[in-house]
Amino acid sequence: LQNNFMFTTVLANKYRECFSKYFHSNSNDLFIPSTPSQNLQLLFQAGWAMYILAKQQLLGPFPDLVLSFAPLVCTINFLISQVSSVDLKISISNLDEFSAFTAEGTVDTFASLCEKMNANHQDTFPFMSKLEAMVREVL
């Protein structure tokens, strides 16, 4: 239980870091967005809840830290795909940040995030489709 708490703390910090990197938010208090809209505040909270639910449903009660990171990458990718470009701090057309492309030539945000977040794309990819299916069930 103690390890689970420590892992969740580490992952919460990583989630805050990633959220403030990719979305317009106040890095001092991510529960108070720097934009006039409350949408980012809700997105931050919904994203964390989505991650916790995905981690529990996809990995079971006590996964290790490395395995717990995969749903976090997937959650950030899902959030990026759902928001207006106005809410993104880094444009998807920014080739320094989003440098991977699909076979069709479009930006592959998931592969780019895996690269930037040092996550193994092949190991993480199965979680992305599972997370999307889980969200569809809930909605």
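**Helix α4 and its surroundings**

Thr109, Phe110, Ala111, Ser112, Leu113 and Cys114 are the buried residues of helix α4 in this predicted model. They make up 6 of the 8 residues in α4, which spans 109-116 and is thus mostly covered, where buried stands for a relative accessible area under 20%. The cover over these buried residues includes α1 (2-22), α3 (65-82) and α5 (121-138).

The two ends of α4 can be taken in turn. At its start, a side-chain oxygen of Asp108 comes to within 3.2 Å of the backbone nitrogen of Phe110, and Phe110 is itself among the buried residues of the helix. Just after α4, Asn118 adopts a positive phi of about 55°.

Among the helices that cover α4 is α3, of which 13 of the 18 residues are buried, so that the rest of the structure largely encloses α3. From its first C-alpha to its last, α3 reaches 26 Å, close to the 26 Å expected at 1.5 Å a residue. Its N-terminal end is capped by Asp64, a side-chain oxygen of which lies 3.2 Å from the backbone nitrogen of Val66.

Turning to the whole protein, there are 5 helices and 0 strands, and the pattern read along the sequence is α-α-α-α-α. Of its 139 residues, 41% count as buried, while the accessible surface comes to about 8,000 Å², with 55% of that surface belonging to carbon and sulfur atoms. Among contacts between residues at least 6 apart in sequence, 63% join residues at least 24 apart.

How values were computed. Residues are numbered from 1 along each chain as its sequence is written. This is a predicted model: local features need pLDDT of at least 70, side-chain atom pairs count only at pLDDT 80 or more; totals for chains, interfaces and linings use all residues. Side-chain values use heavy atoms; hydrogens and water are left out. Buried means under 20% relative accessible area, exposed over 50%, partly exposed in between (1.4 Å probe, protein chains only). Helices (H or I, at least four residues) and strands (E, at least two) are DSSP runs, numbered from the N terminus. Contact means heavy atoms within 4.5 Å. A polar contact is a pair of N or O atoms within 3.5 Å; within protein, one must be able to donate a hydrogen and the other to accept it, and residues adjacent in sequence count only if both atoms are side-chain atoms. The expected span of a helix is 1.5 Å times one less than its number of residues. Accessible areas come from the Shrake-Rupley method with a 1.4 Å probe; for residues, only the protein chains shown count as cover.
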